[in-house]
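Look at the model below. This report covers its enclosed spaces first, then its aromatic rings.

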Amino acid sequence: MGYVVSTLFRRFLDDGGGFRFTMEAVGYLAVVTFLTWSALMYLVARQGALRRFREHRRVPRGLLDGHFTDEHDPLTVLVPSYAEEPDVVRLTLWSAALQEYPDLRLVLLLDDPPFPTDPETLKRLDQTRALAGEITEALAKPHARALTAYEDARAVLADDLEAIATKKATKKATETSEAASFEGDDDLETRLEHVNAPLPLVRRLAEEYTAAAEWLEHMGTTEVVADHVSEFFVDQVLMGLASELRLSLLALDAVLVQRDAVLPAVRLLELHRRLTWIFRARVDNFERKRYASLSQEANKAMNINSYLGLMGGRWRPTETVAGVELRRVAPGAAAQPGDLDIENTEYVLTLDADSQLLRDYCLRLVYFLEQPENDRVAIVQTPYSSFRGAPTRIERIAGATTDIQHILHQGMTAYDATFWVGANAVIRRRALEDIVEVDTVGGHEIRTYIQDRTVIEDTESSIDISTAGWRLVNYPERLSYSATPPDFGSLVVQRRRWANGGLLILPKFWMQRRQRAAAGRPIKRLETALRVNYMASLAWASLGLLFLLFYPYDGRLLSPLVVGAALPYFIAMSSDLNLCGHRYLDVFRIYGFNLVLLPVNLAGVLKSVQQAFTGEKIPFVRTPKVRNRTASPGLYVVVPYLVVLYSLLTAWRDYHHHNWPNFAFAVFNAVLAFGAIRAYIGIANSLIDMAMGVVNWLMVPKRRPAAKSAAPVLAGAQNVDWASILYHGDRRLGRDLRRRDDRRRRLTQRR
């Protein structure tokens, strides 16, 4: 408002304006207003996060151990994977398998084509498939030892209780029935509430904690540390868990040496259970593309949906002409070899194949869900942080933006504006059933829990869950970490996907606002502001930055108040970066980072507009998670150079016109953009990518001759695929299947 009064009104009153100046003033005011609005939303979300961090109290370990029992609700961890490096997936699976949770089932959802013909692809897929068996085999020995010790402790304590009851019975005959009741141990822990653990059992427990810590430490010392991700796995997952066990061991040693120290028997059993939980995980694989009855949509959402739709049933693989189909087995029917009995669990954890969890992630988040005040929370998550110690500058800066987002998402929860960030989340199964959509495709039931209309499926599902009356919460601790793209090419894939879809989801949110208002539960204005900013700010920020960079606005429109309005945003971000372990001056590196990502963000926005007009679903492109460099599309490399050249041209022109504010802004952009090109893309790599972009544009793929039409069915009945015709009932489809099989056979022979 100060800018409008002191600059625009004064210019119109003093100079009279004119049509061009008026249009420029309106456009400039709109751009600056939108950008300032986004900066204000950053400050609001940050303020909410600071309040939540101040009020958060970490749940003590004793409460967690006492809350969970062996009969607790199970948890299924789903890890969707497509064309991932086996060693990357391995670390993810191990971090999930070592969670301290009573009943954990871990399923790797392999989305690769199940029968690849390329030997290297097949080798990588076989290595990934073998991970489940390797982890299960490795966990078997420590779990057997911990379980034996736990059962021995229960047996000893049950015998002690029976002896106590028997001794009482000799003094009082009426307690004979009580002595008999101790023969079972179903209610053992209730009866042990006022009993202290014998020292021999405490000594045995200390030995078990020593063995478990040594097992983890041995695994950590033998682990091959190839990069900063594996280093994090060793330091934070393996050694971090071993350190916690060592800390408990220190307490047990103190109980043994201090005369007045006693350990309650109930607590002893809880500590024994903890060891069995650590090594209890059941690990398995599932490949939906083996089954023709499941969705074949090439995206992560439908990979997860396919498994969610099977949970709670027994399925029998059945050979058909269309391929192997899963048929539901009626309840009570006899099981057969090969049947898939997929357990239905109250909680589901989705975890990206390049993420890692700290050891108590599941315990703390499920404990949060099971508090009475959180019975309407559908999803609880910890927005992921970046792995520390990245070797490349682009990975470090991308990680810095990720760490900043962790703070902002915590603040959005303060205003009930949480969005699901799909890298990790614990989901309540009942909430998924409230938003499921059931369709029939080709005679098969397809259940869609997570929408795949856009490539940011978690954002759209957040609106669906909120519409159904559920809440989403970000847990205010850093318990999950995920990889950031190591080069500009893979970063382009990731950020282009993130920029696509927000505008398409906005209409669904406005519909939700109307429904909530009609139901007497209106959405608060601040929640609306934060949600709209989250979904649409990338669009207006990219377009606004484009206009500021390339349109020569009249110098009379500039004012120190515009810079002053932006200063709190940059100062706060600089402080947040330092809080997250980065440098204050990284705020300028992030600005240059956003300059080189400008064409990527614009491409994502334009894809959203294209989908809005055409209705076509945008293909889901996964972020490459490989150690080699991913080539960038030439256009995305050329545009940052154009930003530098145009900024220099603008600076030269403003210098001659003595337009010093514009001159300073142009030089600032040119320096930071060129520095970002050099640091994040690389001069040599950018030249190679631009050259390859030109070559790929000029080269025309060789056209193959069209296949000859098949002979009429009656003329060549001996070659008819009769099974396909009888199954599909469509003559054309039968021919199409036969042509496909013929092409596949010719390609195999050619190879």
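Three elements each supply at least two residues to the lining of the largest cavity: helix H11 (300–310), strand S7 (347–351) and helix H15 (457–467). Helices (H or I, at least four residues) and strands (E, at least two) are DSSP runs, numbered from the N terminus. This is a predicted model, where local features need pLDDT of at least 70 and side-chain atom pairs count only at pLDDT 80 or more, while totals for chains, interfaces and linings use all residues. Residues are numbered from 1 along each chain as its sequence is written, and side-chain values use heavy atoms, with hydrogens and water left out.

What is a cavity here? On a 1 Å grid over the protein atoms alone, it is a set of points where a 1.4 Å probe fits but cannot get out; lining residues have an atom within 4 Å of a point. Grid points are joined across faces, edges and corners, and a volume is the space filled by probe spheres set on the points. The search of the whole structure finds 2 cavities of 30 Å³ or more.

| Cavity | Volume | Lining residues |
|---|---|---|
| Largest | about 60 Å³ | 5 nonpolar, 2 polar, 4 charged |
| Second largest | about 40 Å³ | 3 nonpolar, 2 polar, 3 charged |

Ala, Val, Leu, Ile, Met, Phe, Trp, Tyr, Cys and Pro count as nonpolar, Asp, Glu, Lys and Arg as charged, and the others, Gly among them, as polar. The lining of the largest cavity includes Lys-300, Thr-350 and Trp-420. In the second largest cavity, helix H5 (residues 119–171) gives the most to the lining, with 3 residues. Among the residues lining the second largest cavity are Ser-81, Asp-112 and Arg-124.

Now the rings. The whole structure holds 23 aromatic pairs. Rings of Phe, Tyr and Trp (its six-membered ring) pair if their centres lie within 6.5 Å; planes under 30 degrees apart count as stacked, over 60 as edge-to-face and the rest as tilted. Phe-387 and Tyr-481 are stacked, because their ring centres are 6.4 Å apart and their planes stand at 25°. The two residues are 94 apart along the chain. Phe-387 is buried, at 5% relative accessible area, and Tyr-481 is buried at 12%. Buried means under 20% relative accessible area, exposed over 50%, partly exposed in between (1.4 Å probe, protein chains only).

Tyr-591 and Phe-668 have ring centres 5.3 Å apart and planes at 50°, so this pair is tilted.

Terms used. 1 Å grid on protein atoms, 1.4 Å probe; cavity = no way out; pocket = protein on both sides within 12 Å on 5 of 7 lines; lining within 4 Å.
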